[in-house]
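My notebook is open and the viewer is loaded. These are the things I looked up, in the order I got to them.

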Amino acid sequence: MPQAGAGHHASLPPGERLRVLLVEDDEGDAFLVGELLAETNSMIDLLVATSLSEARQRMMGVDCVLLDLGLPDAQGLDGLRRVLDVASGAAVCVLTGRSDEHLGIVAVAEGAQDYLVKGQVDGVLLTRALRYAVERKRADENARRLREVELRQAESARLERGLLPQPLMTTDQVSVHTFYRPGRHAALIGGDFYDVVQTRPDRIEMIVGDVCGHGVDEAALGVELRVAWRALILAGVPDDEVLPALEQVLMSERRLQEIFATVATTRLDLAANRATVRLAGHPPPLLLSGGKVAPVPARGGRLLGVRPRRPVAFDLEFDTDDWSLLMYTDGLIEGRVGTGDDRLDVSGLTDLLADPANQAVSLAGLPAWLVGRAEQLNGGPLADDVAMLLVTRGGGR
C-alpha cells in the first residue's frame, strides 16, 4: 500500500491528519484508493480491512470508514447498517462500483455521510469527500449534544419549578422570602426543595428538605416528596403522621436503597405566636429576635429512609412580635472556612447572621447576602445546592 499523503496537490491545503479505515475485499481496488490519496497532500493514514469482522477489530481511533457494499460477510445496505452500529463517532462513506442514484439516496438516509462511485472520483475529490464527511459527522454530533443539553435544561427547569413552588398563603401577618441556588455540579439541580402552605387563617406549615445526591433522579424524588407533603398537609393528616408517611413515599420511590433525605418542618401558630419544629437529620432553623441569633434547640432526629422513627416535636415560644425564622439546606453551611478543613457549620452561620454588617441588608435580600458571604469564606462557589425559607413577623429582628 503506498503511503497516503506522500504527494502534493496545490488545490488541497494541508489539514489535520485523519485515520481512514477502508473496508474492501478487492486488493486491486484497495491499492487504487491508496494511490489516489497518495497523489494529493491528503494527510490521511489509510488502514485496510477485507471484511466486516476485521473492520470491527480496527475501528478504534478511526475518523472515517470508507465502505464497499460487497463484502464477504456483509452485502448492500445490511452491511452499511452493521457498520453504522459499530462506527461510534466515525463518519461513514460508501464507496461502491454500483452507480445507482436511488441506492445512494437510501444509503445517506440510513446514516452514511456520502456515496461515492468507483471510477468517478480522483484523488482530490476523494480526499475532499472524506474530509467533508468527517466535518459533517462532527457537526451532526455537536448538534446532537446541543439538543441533549437543551433537553436536559428544559427537564431541569420543569423539575426546578416542581421543587420551588410559590408559597400557598394569603395572610399578611408574616412575610415569607424564598431562595434557591444550584451548586456547581454541571448545571444539574439536586434534590433540595421547600414549600409553604397556609391551612387556616392563623396557621402556616413549612418544609425544607434535601434528597442526597445530584441529578435528575434525585430532583424528581425531591419533587415527589414536596408534592406528597403538600397533599398530606392539605388532607389534614395528623402532625405526627406526616413525616412517617413522607418516609414511606421516599422508600417506595427511591431508585437505590442507599438514598435518604433530610427534612425540617415548622408549623406556625400565629394566634399563639409560637411554632412547632420537627427535624429529621436536618440542621436546625435559626431564630432572629431581639437583636440576637440562636439555633432552635430541637432534637436532630434520624434521616428519612434509614430506619423509620417519628421525629420529636419541639415547641418554640416567640417572646415578641418581631422575629424571623430561617430554614435552610446544608449546602449553605458545608462550605469551607479559610484554608483548612473547617466548615462554616451552624455556628458559623449564626455568627454571620449576628454580624452587625447585615443590618443594612433588607430581610428579602438576607438569604442572598448569606450565600455571598459563605462563598467568600469558601473561596469560590458552594459545591452543593442551597435552598432557604425566611419567614418574618413585624420588624423581623
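**Entry 1: a hairpin and its neighbour**

I began at the hairpin that S13 and S14 make, with two residues between the strands. Gly290 sits in that turn and has a positive phi of about 60°. Strand and helix names here follow DSSP runs numbered from the N terminus, with at least four residues (H or I) for a helix and at least two (E) for a strand.

A note on what I am reading: this is a predicted model, in which local features need pLDDT of at least 70 and side-chain atom pairs count only at pLDDT 80 or more, while totals for chains, interfaces and linings use all residues. Residues are numbered from 1 along each chain as its sequence is written, and side-chain values use heavy atoms, with hydrogens and water left out.

Back to the hairpin: S13 (residues 286-289) and S14 (residues 292-295) are antiparallel and share four bridges; I take two strands as paired if DSSP finds at least two bridges between them. S13 also pairs with S16 (residues 323-328), again antiparallel over four bridges. Leu287 shows both pairings, as its bridge partner is Ala294 in S14 and Leu325 in S16.

Which residues of S13 point which way? Leu286 and Leu288 go one way, Leu287 and Ser289 the other, and all are buried, meaning under 20% relative accessible area (exposed is over 50%, partly exposed in between; 1.4 Å probe, protein chains only).

**Entry 2: the parallel sheet**

Next I traced an open sheet of five strands with parallel pairing, ordered S2-S1-S3-S6-S7. Its edge strands are S2 (44-49) and S7 (114-117), each pairing on one side only. From one strand to the next the twist averages 25°, with axes as lines fitted to C-alpha atoms (for helices over the stretch in contact) and angles from 0 to 180 degrees between N-to-C directions.

S1 and S2 share six bridges in the parallel sense, and Leu18 has Ile44 of S2 as its bridge partner. Helix H1 (residues 27-38) packs on this sheet and touches S1, S2, S3 and S6, its direction making about 180° with that of S2. Contact here is heavy atoms within 4.5 Å.

I then looked at S3 (residues 64-67), which is covered on both faces: Cys64 and Leu66 on one side, Val65 and Leu67 on the other, all buried. That fits the textbook pattern, in which side chains of a regular strand alternate between the two faces of the sheet. S3 pairs with S1 (residues 18-23) over four parallel bridges, and Leu22 stands opposite Leu66. S3 is also joined to S6 (residues 91-96) by four bridges, running parallel, with Val94 as the partner of Leu67.

**Entry 3: the antiparallel sheet**

How are the strands of the other sheet ordered? The order is S9-S10-S11-S12-S15, an open sheet of five strands with antiparallel pairing. Its edges are S9 (190-200) and S15 (314-317), each of which pairs on one side only, and the twist averages 15° between successive strands.

S10 (residues 203-214) and S11 are antiparallel over nine bridges, and Glu205 has Arg267 of S11 as its bridge partner. Two helices lie across these strands. H6 crosses S9, S10 and S11 at about 10° to S9, and H7 crosses S10, S11 and S12 at about 155° to S11.

**Entry 4: the cavity**

How many cavities of 30 Å³ or more does a search of the whole structure find? There is one, with a volume of about 100 Å³. On a 1 Å grid over the protein atoms alone, a cavity is a set of points where a 1.4 Å probe fits but cannot get out, and lining residues have an atom within 4 Å of a point. Points are joined across faces, edges and corners, and the volume is the space filled by probe spheres set on them.

The lining includes Glu205, Trp229, Asp239, Arg267 and Thr276. H6 (216-234), H7 (239-253), S11 (261-269) and S12 (274-280) each supply at least two lining residues. By type I get four nonpolar, three polar and four charged (nonpolar: Ala, Val, Leu, Ile, Met, Phe, Trp, Tyr, Cys and Pro; charged: Asp, Glu, Lys and Arg; polar: the others, Gly among them).

I finished on Thr276, which lies in S12. Thr276 counts as buried because its relative accessibility is 11%. Beyond its neighbours within four places in sequence, its contacts are Thr265, Thr266, Arg267, Ala313, Phe314 and Asp315.

Methods. 1 Å grid on protein atoms, 1.4 Å probe; cavity = no way out; pocket = protein on both sides within 12 Å on 5 of 7 lines; lining within 4 Å.
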